[in-house]
Amino acid sequence: MKVVIIGASFAGIAAALEVRKHHTDANIVLLEKQATLAYIPNGLHLYWGNQIDDLNAARFITEEQLRQHTIEYYLGATVQNINTDQKIIAYDYLEQEELVAYDKLIIAAGSRQLSEKIDGSAQDSVLKYKRYGEAQAALSKVKESQHVTIIGGGQVGVEAADLLTKQQKKITLIESMDYVLFKYLDEDMIQPLEQKMIENGIDLRLGQTVSSIDMESNHNLTVRLGDDSVISDAVIMSVNVRPNLPFLDTRIKRHTDQTIAVDRYLRTSVEDVFAVGDCIQLSGPDEDMVYIPLINNAVRTGIVAAANLIEPVLEFKGSLRTIGTSIFGYYIASTGMTEAESLFTNHTIETHRQKVPLTSLPHSDTVILKWVYDATTHVLLGAQMISKANMLEKINTLALAIQTKQTLEDLQQTDYFFHPSYSQMMTTTNLVSWMGERVDKDES
Amino acid sequence: MKVEHFLEKNEVREITIFNQLVLNHGVLSYKDMLDHLAVSKASLDNDLESIAARMSDFDKQVYIQYDGQNIELIMGDHISLQHIYRLYLDQSIKIKIINYLFKHQKFSITQLTLKLAISESSLFRKIRDLNSHLKEFGIKIRNGQLHGEELQIRYFYFHFYSYIEDKTTLFTVHADSQMIQTMQSLENFLKVTILPENRERLSTWLFISKSRITIKNQKHKYLREKMKPYVKDPLYHKIQVMILRYFSRYSIEVDEGEAMLHFVFLLAFPILTEDDFHEYTLIRDRHAPVAALDMYIAETIINHFKFRKLPYMLEREIYYHLTHIHTQLYFFQGDIERFEYRYILAKEKQIVGDNLVAFAREIIGTSIKRFRIEAGDNNSLFKMGVFKYINLLLLLSFKMAKVLQIGIDLKMDELYKETLSELLILKMSPIQGIHIERYEPNKEYDLILTNDKTSDLSGYEGARVYVLSEVLSSFDLANIQRIIQELNT
């Protein structure tokens with residue numbers, strides 16, 4: 001069996017390794033557009049955060065490891081088209097057009113950061129650094145810049161703002177919504193972070209949309225927002241990513257948002273063709289189909305598609321949009337549904353926001369937790385956390401609770417260790433009215 | 001633009017034949033029909049033949065009979081003119097072109113000639129013709145695509161799918177669970193209720209928006225300009241947040257232009273309930289163009305009718321309708337004049353009287369002037385605007401009209417007196433807003449009808465008195481109607 005995988009980022013690599021696990025004799029071919037392998041998207045942040053000495057170290061797998069698994073790979077291979085009738089893929093490699101036939105095809109072509117609404121955003125001087133080559137260019141440009149404008153206040157944008165502030169850069173951050181990280185946190189949870197950002201000198205432009213970016217004669221860039229504008233030395237695009245699939249066969253059905261339509265087994269509308277990672281919509285926190293381009297989803301969908309190559313055996317369980325990060329001195333984590341997002345669902349929810357100590361020691365660090373749960377059944381639907389201490393791992397406990405449909409009462413019965421140095425009377429991931437201090441006034 | 005612009009000349013004539021017959025009790029002489037259509041005999045004969053062929057679809061439920069002298073329409077109880085319009089529209093090539101454009105966003109001439117089975121030259125002619133009418137919407141078909149401001153394109157499609165194309169083509173969408181969910185989300189976000197009668201309108205709009213959302217290079221220049229006074233509007237802000245959040249859930253990039261489109265739609269058509277709209281009027285900027293004009297026109301109307309003040313709920317209702325009319329005038333260009341409205345418009349003077357029509361025209365003139373929009377003579381948006389104002393004025397006069405108490409005090413022999421009084425009551429019973437009875441002393445009346453020319457009229461305690469010249473004469477009746485109208489205003 002010949003399995004061709006388009007794209008060798010997290011989803012493609014996970015799929016390849018999993019296919020090898022299930023099919024020891026399969027012929028696995030990876031076609032990757034980039035010239036280098038397995039660069040961690042936004043690995044530049046690791047470099048700026050001094051966690052790696054060399055950008056090149058931001059890799060999640062080596063070529064050697066692929067060879068050990070006898071996975072054939074072609075770097076710098078750009079797919080031109082797919083013929084699903086004849087099961088043939090045409091791609092450019094080393095300036096030659098090549099053809100490869102497949103028995104099974106997995107499309108893991110990922111996504112890119114590009115705006116079609118912002119004029120001038122495609123020019124090279126507007127930095128995007130999801131990929132290695134782009135990151136190298138961005139690294140040197142940012143180094144020589146004093147004032148950097150970041151467009152998009154999602155996780156990437158806010159992390160970049162934090163890291164570059166530490167390098168004494170002047171930062172303007174533009175977000176079209178009223179507050180940053182709006183996909184993951186409710187507005188009532190974000191206040192401490194935004195306050196800290198302002199204290200750190202970030203020029204925060206909220207509720208504003210960029211219409212164009214113009215290069216000036218002195219190589220400065222003017223970012224236009226409504227009647228206002230910002231002039232800076234560099235501009236970073238950290239807007240939402242979108243799939244880019246010009247090579248798709250029209251037989252492969254797509255959604256309105258141009259993602260590839262797949263079923264629960266990640267099969268496309270064409271037999272023997274699967275799609276994974278940032279190319280597809282997933283069932284989200286409310287089990288409705290949404291676009292959640294996160295690495296954890298990429299890896300998990302890669303694994304599921306590989307398991308279903310011969311016959312549908314493993315359903316994809318969906319995504320809770322679980323994230324965790326450290327920005328401006330705060331650890332921030334979120335999983336499942338937010339209160340704001342609940343308006344898109346039929347759930348009647350209640351929320352509870354409280355501040356609880358993390359240990360039983362005096363002067364313990366605290367965490368602000370927000371619970372979103374079904375008003376009738378008390379099934380947990382979402383959770384958000386913000387703290388100065390590293391409590392990120394706790395979000396995974398809550399993600400598991402949501403995925404397994406635990407109620408608040410179930411959670412109180414969960415068996416966790418007690419140690420006064422590391423926990424308090426009731427573990428943090430419990431909503432207990434008599435623990436901690438309630439910080440919201442009334443339940444909505 | 002008119003509905004018949006989607007049809008060919010002979011088809012419009014055939015529809016006119018039906019209309020004439022309906023307006024003339026179902027029968028018209030061949031000669032009168034010739035005169036009305038101003039065509040040759042051969043032409044009318046052709047039309048009648050063509051009608052006969054087309055009506056075979058209705059299986060004898062509708063047919064036109066011609067006995068050499070009269071043309072007669074025979075129509076089953078369950079068939080209306082609307083069904084006949086539908087039959088003609090369903091066969092229209094121009095409608096098929098617009099449908100194709102909507103579904104595929106783009107066409108090549110070869111594709112479309114094959115699909116519609118017509119020649120290239122015929123296709124070009126139809127596109128040219130369509131473009132001449134789309135002009136008033138500020139949009140045109142060029143290189144196989146619809147070009148123009150996105151607001152105007154969606155607005156045109158909205159009219160098209162609401163009034164021209166058969167609604168059932170979109171019915172699958174109305175049942176679409178995603179659409180139901182979207183509507184629910186909209187209610188949640190805006191904290192409003194969408195009533196069942198408004199849902200269909202909204203789902204048509206949302207469906208159009210959904211199919212347009214991924215179109216690249218949408219134009220919002222005019223809209224952005226017009227939206228400048230609304231960027232801080234609280235409803236707009238809510239919609240903006242909702243739109244950004246909604247599309248952040250998909251791989252679709254939107255900017256505030258998308259939110260602006262929905263804001264305009266929500267205010268231009270009856271989507272919100274009157275209660276929800278009223279809540280909005282309490283927080284909207286009263287100096288923004290639409291609100292300011294609403295207030296100005298409402299005051300103009302109140303002064304015209306010499307009302308001291310409108311009852312609270314009626315005032316709310318008037319503002320609700322005025323905002324729809326004015327939002328359309330302020331943001332949109334073009335409209336589609338539907339058959340049914342035009343026949344009412346044609347009869348408007350008979351129905352509502354010259355004064356009201358003249359006043360409605362005066363108001364639209366004021367609105368156009370205040371919005372500084374160019375008013376072409378043949379502008380359907382303004383024509384429909386006049387029609388809407390007329391309806392609003394009628395609504396107001398119906399609701400404000402008090403029930404006038406009328407007493408009949410005939411001086412004659414008891415037998416005649418009773419009979420004539422009853423006959424007069426019967427004759428006047430179709431007049432709205434009056435209560436008429438035989439005069440009783442000690443009761444209060446607004447108007448007294450009497451035939452007594454000699455007695456002292458001051459005995460009626462301030463009631464207006466009309467002395468009948470000849471009981472039951474049309475002269476008297478016309479005068480009485482005039483007096484009733486005067487008393488009502």
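Helices (H or I, at least four residues) and strands (E, at least two) are taken here as DSSP runs, numbered from the N terminus. With that in hand, let us walk through some views of this predicted model.

**Figure 1. The annotated dimerisation region of chain A.** In chain A, residues 328-428 carry the UniProt annotation "domain: Pyridine nucleotide-disulphide oxidoreductase dimerisation", which comes from an unreviewed entry. Strand accounts for 33% of this stretch and helix for 15%. Its end C-alpha atoms sit 23 Å apart.

**Figure 2. Chain A as a whole.** Nine helices and 26 strands make up the secondary structure of chain A. Taken along the principal axes, its C-alpha atoms fill a box of roughly 65 × 60 × 40 Å. The radius of gyration of chain A is 23 Å, which agrees with the value near 22 Å that a compact globule of 444 residues would have. Of those 444 residues, 47% are buried. Looking at contacts between residues at least 6 apart in sequence, 65% join residues at least 24 apart.

**Figure 3. The domains of chain A, with a look at where two of them meet.** The domain assignment splits chain A into domain 1 (2-37 + 48-112 + 242-307), domain 2 (126-237) and domain 3 (329-438). Note that domain 1 is written as three segments. The C-alpha centres of domain 2 and domain 3 of chain A are separated by 31 Å. Where these two domains touch, domain 2 of chain A brings eight residues and domain 3 of chain A brings twelve. On the domain 2 side of this contact in chain A, five residues are nonpolar, three are charged and none is polar.

**Figure 4. A parallel sheet in chain A.** Here five strands of chain A form an open sheet, in the order β9-β16-β10-β11-β12, with parallel pairing. At the edges lie β9 (126-127) and β12 (203-206) of chain A, each pairing on one side only. Zoom in on β10 (residues 147-151) and β16 (residues 234-237) of chain A: these parallel strands are joined by four bridges. Within β16(A), A:Ala234 is the bridge partner of A:Val148.

**Figure 5. The surroundings of A:His378.** This histidine, A:His378, is found in the loop between β24 (366-374) and β25 (380-387) of chain A. Is A:His378 buried or exposed? A:His378 is partly exposed, because 17 other C-beta atoms lie within 10 Å, while a buried residue needs 20 or more and an exposed one has 12 or fewer. Leaving aside residues up to four places away in sequence, A:His378 touches A:Tyr373, A:Thr407, A:Leu408 and A:Glu409. A:Lys405 is 27 residues away from A:His378 along the chain, and their C-alpha atoms are 9.7 Å apart.

**Figure 6. The contact between chain B and chain A.** Chain B gives 20 residues to this contact and chain A gives 22. On the chain B side that touches chain A, α10 (177-190) and α13 (234-248) of chain B each supply at least two residues. The largest share of that side, five residues, belongs to α13(B). Sorted by type, the residues on the chain B side that touches chain A are seven nonpolar, six polar and seven charged.

**Figure 7. The domains of chain B.** Chain B is divided into domain 1 (3-89), domain 2 (286-400) and domain 3 (404-488). Between the C-alpha centres of domain 1 and domain 2 of chain B there are 34 Å.

Terms used: Residues numbered from 1 in each chain as written. Chains lettered and ligands numbered in written order. Predicted model: local features only at pLDDT ≥ 70, side-chain atom pairs only at ≥ 80, totals over all residues. Domains from an automatic or database assignment. UniProt positions renumbered as here; feature names shortened; annotations may be inferred. Contact = placed C-beta atoms within 7 Å. Nonpolar A, V, L, I, M, F, W, Y, C, P; charged D, E, K, R; others polar. Rg over C-alpha atoms; globule rule 2.2 N^0.38 Å. Pairing = 2+ DSSP bridges.
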